Structure formats: structure tokens, C-alpha cells
Amino acid sequence: MLIDLNKQTGDTIQGQLRRSVIDAIHSGQMTPGQRLLPSRHLAEQLGIARNTVTAVYDELVARGYLESVPRRGHFVMADVAPEPEVTPAPVSSVDWAACLKQRPSTLRHIHKPSNWQDFPYPFVYGQVDPRLFPINTWRACSRDALGRAAIDWWTADRAVEDDPQLIEQIRTQILPQRGIYARDEEILITLGSQEGFFLMARLLARADTRVGVETPGYPDSRNIFAAEGAQIVDMPVDDDGARFDHADPLDVAILTPVHHCPTMISMPVARRRAILDRAARDGTILIEDDYEGETAFSGDQTTLKSMDTDGRVVYLGTLSKVLAPGVRIGFMVADAALIEEARWLRRLIHRSAPLNNQRTAAIFLAEGHYLALLKQLRAALANRFDQVVAGCDRHLPDFRRSRNSGGSSVWLECPPGLDARKLHVAARRRGVLAEDGDPFVPENQAGRFLRLGISYIEESKVSEGLRLLGEAAKEVR
């Protein structure tokens with residue numbers, strides 16, 4: 001049996017060993033009745049802990065792959081079912097291009113290479129720094145969520161329910177920091193803020209709906225509402241954020257006032273008040289995307305929702321920037337009547353958001369770990385932001401940086417004559433990964449912008465990464 005363990009895959013050694021044994025059995029490398037190496041010998045051969053091998057053997061016994069014979073060892077079970085043969089899929093005769101009513105793959109998406117973690121200088125956005133995340137604490141909270149009482153609750157089909165413990169923690173710990181005070185029935189758990197956009201688009205938009213979107217702005221919110229056939233109205237962005245000065249009334253407007261996406265500009269309170277006043281006159285529903293409100297460490301943190309007096313602001317928040325994008329927990333705060341419809345629409349899609357993740361996050365919050373992590377993240381982001389600003393001034397002096405005082409990314413406009421697309425290629429050859437600005441801007445501005453995410457890269461690598469980016473910029477001029 002050949003076993004190749006790779007500690008760089010992100011998978012556990014125990015998981016890799018378990019699958020290696022199973023694959024060897026199914027492929028015929030190991031035959032029924034064959035004796036496996038003693039756990040001590042296999043551990044020495046692979047250079048891993050003996051208890052890791054013992055745990056794998058015990059699990060495979062429980063799953064019916066191995067048999068444990070006292071004082072003799074572990075043997076492949078005689079009646080292990082062979083792996084079913086894979087038959088080729090039939091060639092489709094369907095003309096999908098004619099059948100499809102939407103082609104989401106053709107839209108402009110934010111892309112990251114799948115191997116982004118392999119770059120020495122990853123200026124990527126929206127990723128959690130594993131060096132800061134308290135993995136042992138999260139693991140302990142996960143174990144608590146696997147207790148009998150918790151399991152009995154979250155393994156049931158709750159259909160439209162959310163974990164009341166998580167709702168309580170969001171209501172009492174997270175929302176008050178954003179100046180928002182809500183009742184339980186005004187809060188809905190989502191699969192990240194992305195699902196919030198989808199639910200709102202399905203409930204609020206049709207072909208005759210005028211939807212204002214920031215330009216530049218988050219491409220997915222534009223794409224989601226456009227998929228419903230909505231009339232997209234561009235809201236230009238200046239040094240104070242989105243301009244709400246369109247000639248005709250909007251039915252819906254999507255805004256990122258605390259930190260505009262992608263420039264990180266913080267909208268002055270005076271403009272926020274003006275937007276709320278006009279929205280009230282026009283009957284506009286405002287969707288506030290506070291996508292990194294939790295980690296924001298500077299600028300005016302006043303949310304539109306905290307200034308809302310007539311319930312027309314739908315607030316979308318996320319835990320992705322603190323916990324991890326893969327946890328997929330976001331939340332929506334809005335008038336109870338809208339939340340009720342969103343809850344039943346969510347049921348038509350996937351019922352509730354995964355309740356085991358909800359309970360783990362609730363425990364993490366309730367025990368104070370979330371706020372402690374938040375404090376640490378904000379301090380780290382503030383330090384990295386200062387380093388990035390200094391590094392841009394030193395190594396990229398001809399690039400125009402958006403006027404922002406904080407945030408987890410920096411938005412740069414290339415000097416005239418420098419194509420950002422060529423810069424990305426040259427930078428990657430030097431191990432520097434920056435983000436393409438094209439998905440955020442109109443097509444006629446392609447090749448002019450890039451975004452530097454600062455949430456993942458180590459502080460010690462920021463300056464050198466920007467120096468190499470500056471070298472790449474000189475190469476492609």
C-alpha cells in the first residue's frame with residue numbers, strides 16, 4: 001500500500017491516511033484478510049504520531065473496512081463491498097445554449113486563482129488570517145455544539161427557524177456596536193450577505209423595477225438584481241461615496257456607506273441623511289451592505305440602519321470577515337414583515353442556514369471569544385493599513401490611492417499608460433498577487449485599477465511585497 005501524505009494540502013493527516021487505506025482496499029491494492037502494519041510500525045514509516053494511526057484504524061473498524069483481532073492486529077474485512085465501476089456519462093444532445101434563460105458564467109465575476117495561498121505576497125481581499133484565528137477555541141465551541149442537547153436541537157428539520165442563541169448574540173452583541181437595536185423577528189440568518197442580496201432581489205425586483213447600484217461597486221449585487229430583469233441605474237461615486245442625485249425615483253438602492261466597495265471611502269453623515277430624506281420622499285427601499293462593518297477600525301462607523309426612522313433600510317451583515325468565509329454565516333435586519341417573507345423564500349431554496357454552524361458561532365459569541373478576536377483583528381488591520389499606505393507612497397508614488405482612512409483593502413488607480421492587466425502578470429512572476437479591479441468598474445475603465453487586500457498577508461511581508469509590485473510596474477510601463 002502506497003501512502004503519500006502531504007502536510008500542505010490543508011487536509012488533516014488523519015483524513016489523508018484514512019482515505020489512502022480506503023482507496024487501497026477499493027482499488028485492490030489490499031485484499032480481503034490482508035494484515036495491516038502494526039500502528040507503531042506504520043507511524044514510524046510515515047513519520048507521524050502513533051495515536052493518529054490508531055485513531056484511523058479504530059474508525060475504519062467502526063465503518064466496516066477493517067477487523068480488529070486481539071493480539072494479532074488489524075485485517076481487511078472479507079466482505080468489503082467493491083467500489084462501483086464508473087460508467088461513462090452519456091453524451092448530451094441538449095442544446096443548453098438555447099434552453100438556458102440565464103448565463104451567469106458570462107457575467108463579470110471577482111476571481112482569485114485557486115492557489116492564491118501559495119503566493120509569498122498575497123494581497124487578497126476577504127480572507128481570514130489563520131495566524132490570528134483562535135482555532136483551538138473554535139474547535140472547543142464546535143465540540144460543545146456536538147453535545148447531546150445541542151445535537152437534538154440542530155439535527156431536527158427546523159425548516160424556517162434560526163438558532164435562537166445566535167439570534168440573541170447578534171441582537172445583543174453585534175448590532176448595538178453598529179447602532180442598531182432590533183427584535184428577534186427582525187433578524188434572519190443568511191448564507192453570507194450574498195444570500196441577502198438574492199432574497200431581496202427575488203422579493204423586490206422585477207422587469208420594471210429601477211435599482212440603483214454604485215459605480216464602481218460590488219459586481220455581485222449588480223449581477224443578482226440584473227438577473228431578475230431589473231433596470232440597473234448607475235450611481236456614480238465621488239470622494240464622499242455614492243451620489244444619490246438621479247433624475248427619476250428609484251425603487252431600490254444598494255449602498256455601502258461605511259466603507260464603499262471597492263474604494264473604502266466613508267460616506268459623510270450629511271450625505272447619509274440626505275439619502276434617507278430623498279428615499280423617504282421617493283419611496284425607495286435602501287439596502288445597506290455593511291460587508292466589513294465588524295472589522296472597520298477607522299472612519300465614520302454610523303450605519304444607515306441606525307439612522308432609519310421609518311423601516312426602509314434593509315441591513316446586511318456578515319461574520320465572514322471575522323470567522324471565515326467558509327463558515328457562511330451572514331444576517332439580515334429589516335422590518336418584520338419583510339423578514340417574514342424572506343424567511344419563507346429562504347425555505348424554498350434550502351430551508352434554514354446550517355444549524356450546526358449557527359450553534360457553534362452562538363457559543364463562540366456567548367463566551368466572549370468573538371469580541372476578543374475582533375479587537376485583535378482591528379489592531380492588526382490598522383497596523384497593516386499604515387504599512388500599505390507607507391509602502392504605496394514609497395514604491396508606487398504615481399498610483400492614485402482612494403481617499404480612505406481605513407479598511408481591509410486599498411484601491412489604486414494606475415498612472416496613465418500603465419495597464420493593470422499587464423501589471424498583474426508581471427507581479428505574479430515576482431510572487432505578488434493583487435486583485436483585478438475590472439469586475440468593479442464599467443468595461444470602458446478596464447485595466448485601470450487594482451485592489452490590495454490586507455487581511456491575510458503577514459505584516460512582515462507588506463513592504464517587500466509592495467517593493468516588488470513597484471518593480472513590476474516599472475517593467476510594464
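Which residues are linked with Arg429 in a network of salt bridges? They are Arg430, Glu464, Arg467, Glu471 and Glu475. This is a predicted model, and the structure holds 36 salt bridges. Here is a friendly tour of some of these charged pairs, followed by the nonpolar cores.

**A salt bridge between helices H1 and H3**

- Glutamate 59 and arginine 18 form a salt bridge, with their closest N and O atoms 3.3 Å apart.
- The two partners sit in distant parts of the chain, 41 residues apart: arginine 18 belongs to helix H1 (residues 13-27) and glutamate 59 to helix H3 (residues 50-62).
- Arginine 18 counts as buried because its relative accessibility is 17%, under the 20% cut-off.
- Glutamate 59, at a relative accessible area of 26%, is partly exposed.

**A buried salt bridge at helix H12**

- Arginine 346 and aspartate 162 meet through their side chains in a salt bridge, at 2.8 Å from N to O.
- Arginine 346 lies in helix H12 (residues 336-350), while aspartate 162 is in the loop between helix H6 (148-154) and helix H7 (164-174), so this salt bridge ties together parts that are 184 residues apart in sequence.
- Both partners are buried: arginine 346 has a relative accessible area of 0%, and aspartate 162 has a relative accessibility of 8%.

**A partly exposed salt bridge at strand E12**

- Aspartate 239 pairs with arginine 400 in a salt bridge whose closest N and O atoms are 3.8 Å apart.
- Here too, distant parts of the chain are linked, 161 residues apart: aspartate 239 is in the loop between strand E6 (231-238) and strand E7 (241-242), and arginine 400 is in strand E12 (residues 400-401).
- Each partner counts as partly exposed, with relative accessibility of 39% for aspartate 239 and 49% for arginine 400.

**The nonpolar cores**

- The largest nonpolar core has 34 residues, and the members that touch the most others are Leu175, Leu323, Phe331 and Tyr370.
- Two or more residues of this core come from each of these elements: helix H5 (135-145), H7, strand E4 (187-190), strand E11 (330-333), helix H13 (355-366) and helix H14 (369-395).
- Leaving aside residues up to four places away in sequence, leucine 323 touches Val128, Phe133, Trp138, Ala361, Phe364 and Tyr370.
- A second core, separate from the largest one, has 30 residues, among them Tyr121, Phe385, Val410 and Val476.

Methods:
Residues numbered from 1 in each chain as written. Predicted model: local features only at pLDDT ≥ 70, side-chain atom pairs only at ≥ 80, totals over all residues. Heavy atoms only, no water. Salt bridge = Lys/Arg side-chain N within 4 Å of Asp/Glu carboxyl O. Helix = DSSP H or I, 4+ residues; strand = E, 2+ residues; numbered from the N terminus. Buried < 20%, exposed > 50% of the residue type's maximum accessible area, 1.4 Å probe, protein only. Core = buried A, V, L, I, M, F, W, Y, C linked by side-chain atoms within 4.5 Å. Contact = heavy atoms within 4.5 Å.
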